[in-house]
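Dear colleague,

I am passing on the structure below, together with a short account of what was found in it. Please read the notes with the coordinates open beside you.

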Amino acid sequence: MLIHDRYGFVLTVVAALGAIAALVSLVRPRILPAVRVYLRVTIALVTVQVVIGLVLVATGDRPAQILHWLYGAATLLTLPLAMWVGGKLGGREQHIWVVGGAVLTVLFAFRAMATG
């Protein structure tokens, strides 16, 4: 479980940096393509964290609170869902969805750490 906890902390920091970059991209839209790449990498890292967690569950290690499952799933799904919905829109609305998804991912990651 130690690797899951430490990786979760690192992942939360990575997601927080992505959220900050996404917020900055509201003022400097030219950096949005780089932010999107960074957020896609963040999605991949969250997926790795989920796989680690599922392996731990399969080996008999359960989270401290059942809400950890909910917040873990929310962390995994929020950003891809926001990017998908934003992709259906255009311009400024798409940008707002990406920023919102990045910020919510950080919040859910913090909450998952608190319930783990």
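**Contacts around Ser 25**

Leaving aside residues up to four places away in sequence, Ser 25 touches Ile 31, Leu 32, Val 35, His 95 and Val 99. Please keep in mind throughout that this is a predicted model. Ser 25 belongs to helix α1, which covers residues 2–27, and the residue is buried, with a relative accessible area of 0%. Two polar partners of its side chain can be named: the backbone oxygen of Ala 22, which the side chain of Ser 25 reaches at 2.5 Å, and the side chain of His 95, to which Ser 25 is joined by a polar contact of 2.7 Å. His 95 thus appears both in the list of residues that Ser 25 touches and as a side-chain polar partner of Ser 25.

**The aromatic pair**

The count of aromatic pairs comes to one. This pair is formed by Tyr 71 and Phe 108, whose rings lie 6.2 Å apart centre to centre with 35° between their planes, an arrangement classed as tilted. Because Tyr 71 sits in helix α3 (residues 67–88) and Phe 108 in helix α4 (residues 91–115), the pair ties together parts that are 37 residues apart in sequence. As for accessibility, Tyr 71 is buried, at a relative accessible area of 17%, whereas Phe 108, at 25% relative accessibility, counts as partly exposed; the two rings fall into separate classes because buried means under 20% relative accessible area.

With best regards

How values were computed: Residues are numbered from 1 along each chain as its sequence is written. This is a predicted model: local features need pLDDT of at least 70, side-chain atom pairs count only at pLDDT 80 or more; totals for chains, interfaces and linings use all residues. Side-chain values use heavy atoms; hydrogens and water are left out. Helices (H or I, at least four residues) and strands (E, at least two) are DSSP runs, numbered from the N terminus. Buried means under 20% relative accessible area, exposed over 50%, partly exposed in between (1.4 Å probe, protein chains only). A polar contact is a pair of N or O atoms within 3.5 Å; within protein, one must be able to donate a hydrogen and the other to accept it, and residues adjacent in sequence count only if both atoms are side-chain atoms. Contact means heavy atoms within 4.5 Å. Rings of Phe, Tyr and Trp (its six-membered ring) pair if their centres lie within 6.5 Å; planes under 30 degrees apart count as stacked, over 60 as edge-to-face and the rest as tilted.
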